Amino acid sequence: MAKIVVLGAGISGHVAASHLRRKLSKEHEIVVVSPNSNYQWIPSNIWVGIGRMKSKKILFPLAPLYKKKGIGFKQAKAISFFPEGDKDEQKPYILAEYVTGDNKGKQEKVTYDYLINATGPKLNFEATEGLIPGQNKTYSVCTYTHADHAWEGLNEVIQQMKQGKKAKILIGTGHAKSTCQGAAFEYILNVEQELRKHNVRDMAEVTWIANEHELGDFGMDGLLLSYGSMTIKSKEMVEMIFEDRDIKWIIGAGVNKIEDGVAHYETLGGDYKSETYDFAMLIPAFSGHGFKAFNKNNEDITEKLFKGFMIVDADYSPKPYEAWSVQDWPETYQNPSYSNIFAPGIAFAPPHAISKPRVSKNGTPISPSPPRTGMPSGITAKLVADNIIDSIKNSKESLHHKGSLGNMGAACIASAGYGLTSGSGVSITTYPIVPDYKKYPKTQGRKLGKTFGDIGLAGHWLKLALHYAFIYKAKMRPFWWLIPE
Amino acid sequence: MTQRISKYQRFKMMNPIIQFFKFIYLSIKIMIVVAGGHGGTRKVN
Ligand SMILES: Cc1cc2nc3c(=O)[nH]c(=O)nc-3n(C[C@H](O)[C@H](O)[C@H](O)COP(=O)(O)OP(=O)(O)OC[C@H]3O[C@@H](n4cnc5c(N)ncnc54)[C@H](O)[C@@H]3O)c2cc1C
């Protein structure tokens, strides 16, 4: 009998737990440890943030589902890792602290045979002075509560515009090393469309601010994509959309301080500037959770497990951009020091960025960190679960299932406005996610045809279809496993 | 505002009938990218 502990009940933790439960017999124990009581389908937070979807539509409580499916659930947060156990406990364990109920604050050693760390990112608002969701007129859409607040803030500004007050709206990245430009891109297009729907577009100046050196970089070093019968750069596509929608842009900007209605930033050119606003949605930096790890003698071994995020089978040796290769990226998400620990989704430490690192004239690094979207988070979680299942069934380690971001495609359907007949979406697929400049030297490291873009109403329907399909899948309704990650 | 998307392009982007077929086309294309599978990148000797 094996016990598998999954930390985190986000996209990757939930995918891993549900596949493990489906494929392993009941004698094996699956336990999810996560501080959130609800599962949330994060991509639809964009629509919560414009008031077009209630947050209850994108979430459901985890405890009843896990009870019904025979998955153990502890509403607790992991604090530290003991991969060798300790003097009193022979088995490896994680120390978890309950976050709710009678047990709140109580700590427990949760032992395991296999550990899946799917704790995603820490939303590191503290890295930018004054960037606090709901304060200084800045908001976030990274969680459903943040998105609810963002809509309240946006609605207030819309009502003021209806009374004749002009407003400035600023959307993008809130730190020089932020990632997730795609989410901010979706939000700015949705907000812009909402302003038109509320007949206040003329009253608003809408501005994009980002740490990308050029539009459409998305933390992916940009894309060369098939667009209709043409081949264009993602920069050209985004520029076309922004110009068409009268959205201004500030790029190569590392936001470093927020005051009430003012964003201060440094540019790649080395200038220190500021931008005023009445409403801002700025994506914070993502970081690891600051977990500690100890060996059985209680000595600190954090550097064996973590490098900010969790260390896996990547090549972390420092290299210049020119020497980066797809082979640096992990394939099995297994920790090299402890073979029973894995980290899929956002929880693993990437070997380096994907976009070329850039530094301002003052020496400040200003460039996007590597994004890891929902699809690769789900795929990597499933392959980790499959390797653990094989290892348990064959009674010997099996790492047959592999999935490097350098040999994996991803689809990103960016909503560009809500509405069954008036909505729009920018559908982008990319293969591979991490560009392979050796294999595809003439097409910016990606395979044309499999890397394509499209704009239109169909994109909105796709995004809506994915919303319903993935919530159905997450609820583990009949035949849920037929829906791919 | 610079009109970068022509009226005809916009018509095609927002016409529900054209977009219905686009929806099916895109769904299949995305499935091909996703179902194309994934794997490692390192050669094992
Ligand atoms: C606004 C927004 C829109 C997005 N839109 C898209 C999109 O359209 N398409 C797309 O593909 N991707 C999108 N993404 C990205 C996508 O949401 C992420 O790739 C995905 O959520 C990552 O999954 P994950 O499981 O690794 O992390 P998360 O989903 O962040 O899950 C982490 C889990 O770990 C838990 N946790 C945290 N700390 C602890 C702890 N100490 N102990 C135990 N558990 C812990 C958390 O509570 C959570 O349950 C979007 C992201 C945002 C923010």
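Is A:Phe185 buried or exposed, and what is its relative accessibility? In this predicted model, A:Phe185 counts as buried, because its relative accessibility is 3% and the cut-off for buried is under 20%. Its story continues with a partner ring. A:Phe185 and A:Phe218 form an edge-to-face aromatic pair, with 5.3 Å from centre to centre and 65 degrees between the planes. A:Phe185 belongs to helix 5 of chain A, while A:Phe218 sits in the loop between strand 13 (204–209) and strand 14 (224–227) of chain A, so the pair ties together parts that are 33 residues apart in sequence. A:Phe218 is buried as well, at a relative accessible area of 12%. Ring pairs join these two residues with A:Trp208, A:Phe242 and A:Trp249 in a cluster.

Another pair makes a helpful companion to this one. The ring centres of A:Phe479 and A:Trp481 are 5.7 Å apart and their planes meet at 55 degrees, so this pair is tilted. Here A:Phe479 is exposed, with a relative accessible area of 54%, and A:Trp481 is partly exposed, at 33%. Charges also meet rings: A:Lys450 lies over the face of A:Tyr431, 4.5 Å from the ring centre, and the charged end of B:Lys29 sits over the ring of A:Phe452, at 4.2 Å from its centre.

Attention now turns to the ligand. The ligand is surrounded by 32 residues, and A:Ser12, A:Ala78, A:Arg372, A:Gly374 and A:Lys463 are the closest. A backbone N or O atom of A:Ala78 lies 2.9 Å from a nitrogen atom of the ligand. Taken alone, the ligand exposes 990 Å², of which the protein buries 88%. Helix 8 of chain A gives the most to the surrounding shell, with three residues.

Conventions: Residues numbered from 1 in each chain as written. Chains lettered and ligands numbered in written order. Predicted model: local features only at pLDDT ≥ 70, side-chain atom pairs only at ≥ 80, totals over all residues. Heavy atoms only, no water. Near = heavy atom within 4 Å. Polar contact = N/O pair within 3.5 Å; in protein donor to acceptor, adjacent residues only side chain to side chain. Areas by Shrake-Rupley, 256 points an atom, 1.4 Å probe, with all protein chains shown as cover. Helix = DSSP H or I, 4+ residues; strand = E, 2+ residues; numbered from the N terminus. Phe/Tyr/Trp six-rings, centres within 6.5 Å; stacked < 30°, edge-to-face > 60°. Buried < 20%, exposed > 50% of the residue type's maximum accessible area, 1.4 Å probe, protein only. Lys NZ or Arg CZ within 6 Å of the ring centre and 35° of its normal.
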